[in-house]
Amino acid sequence: AFVRDVGRRVADASMTLLRDNKKIFPLNPLTHKRIAIVPVIKDENYDRVHGEAELLASEFERRGFEVGYYDPKVSRMPFMKTGKFSEGNVMDADMPIDDVMDSYDAIIYAFFTRTFRPSGPEDFCGEECIPLKVALTHAVDKTIAVSFGSPYLIGEYFERGPACVNAYSMVALSVEAFVRAACGEIEFSHFSPVDLVFPTWTPKK
């Protein structure tokens with residue numbers, strides 16, 4: 001209990017809000033009734049981290065949100081072949097991508113990555129980039145990017161994203177802390193331990 005309590009406090013204090021240009025936060029099931037969870041995961045890590053991605057969806061569902069969870073292994077190929085985005089729970093199966101994204105009040109693109117020394121953080125290639133393509137071309141104003149891993153991925157892929165958060169770790173405690181912060185149950189931090197270059201944002205010292 002002591003270890004989990006300390007871990008929770010550390011995770012809560014670590015949630016860094018980089019920007020919220022469209023005032024998306026805090027999320028509330030009355031104003032953001034329907035949200036999408038789109039994990040961004042390396043293929044070789046899927047079996048190790050998809051549980052945390054599913055936890056992200058279940059934590060929002062537990063708070064009364066209607067959640068569409070897009071399992072990476074289910075959603076990618078239909079979109080590549082047909083231009084349609086089939087959802088893991090078949091809620092919007094085979095709807096055109098524009099119709100699917102427009103039906104949500106908020107869309108959370110969640111990086112789940114590991115960092116290695118000396119090579120650095122993992123990057124994405126091929127089919128793994130499909131969620132990133134969707135994020136940059138569809139319903140951009142509703143986009144929330146959160147990195148449960150390298151803090152640099154936000155600056156690399158979501159330079160123009162309206163709402164960006166660094167959570168630093170893909171452990172369950174960090175996933176739960178992000179949901180609490182996103183829903184206004186705890187406050188985000190505005191201090192970034194790394195310098196990220198954004199056109200409209202500089203880290204507070």
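**Reading cavities and buried residues**

Me: How many cavities of 30 Å³ or more does the structure hold?

Reply: Keep in mind that this is a predicted model. The structure holds two cavities of 30 Å³ or more.

Me: Okay, let's take the second largest cavity. About how much space lies in it?

Reply: About 40 Å³ of space lies in that second largest cavity.

Me: And which residues line the second largest cavity?

Reply: A lining residue has an atom within 4 Å of a cavity point. Here the lining is made of Ala-135, Leu-136, Val-140, Thr-143, Phe-158, Arg-160 and Gly-161. Sort that lining by residue type and you get four nonpolar, two polar and one charged.

Me: Now burial. Is Gly-68 buried or exposed?

Reply: The cut-off to remember is that buried means under 20% relative accessible area. Gly-68 has a relative accessible area of 0%, so Gly-68 is buried. You'll find Gly-68 in strand S3, which covers residues 66-69.

Me: How far apart are Gly-68 and Arg-34 in sequence and in space?

Reply: Look at both kinds of distance. Along the sequence, Gly-68 and Arg-34 are 34 residues apart, while in space they are 7.6 Å apart, C-alpha to C-alpha.

Me: What about Asp-71: where is its place?

Reply: Asp-71 sits in the loop between S3 and helix H3 (72-82). Try the burial step again: the relative accessible area of Asp-71 is 11%, so Asp-71 is buried.

Me: And what separates the C-alpha atoms of Asp-71 and Ile-41?

Reply: Asp-71 and Ile-41 are 30 residues apart along the chain, and their C-alpha atoms are separated by 9.9 Å.

Terms used. Residues are numbered from 1 along each chain as its sequence is written. This is a predicted model: local features need pLDDT of at least 70, side-chain atom pairs count only at pLDDT 80 or more; totals for chains, interfaces and linings use all residues. Side-chain values use heavy atoms; hydrogens and water are left out. On a 1 Å grid over the protein atoms alone, a cavity is a set of points where a 1.4 Å probe fits but cannot get out, and a pocket is an open set with protein on both sides within 12 Å along at least five of seven lines; lining residues have an atom within 4 Å of a point. Grid points are joined across faces, edges and corners, and a volume is the space filled by probe spheres set on the points. Ala, Val, Leu, Ile, Met, Phe, Trp, Tyr, Cys and Pro count as nonpolar, Asp, Glu, Lys and Arg as charged, and the others, Gly among them, as polar. Helices (H or I, at least four residues) and strands (E, at least two) are DSSP runs, numbered from the N terminus. Buried means under 20% relative accessible area, exposed over 50%, partly exposed in between (1.4 Å probe, protein chains only).
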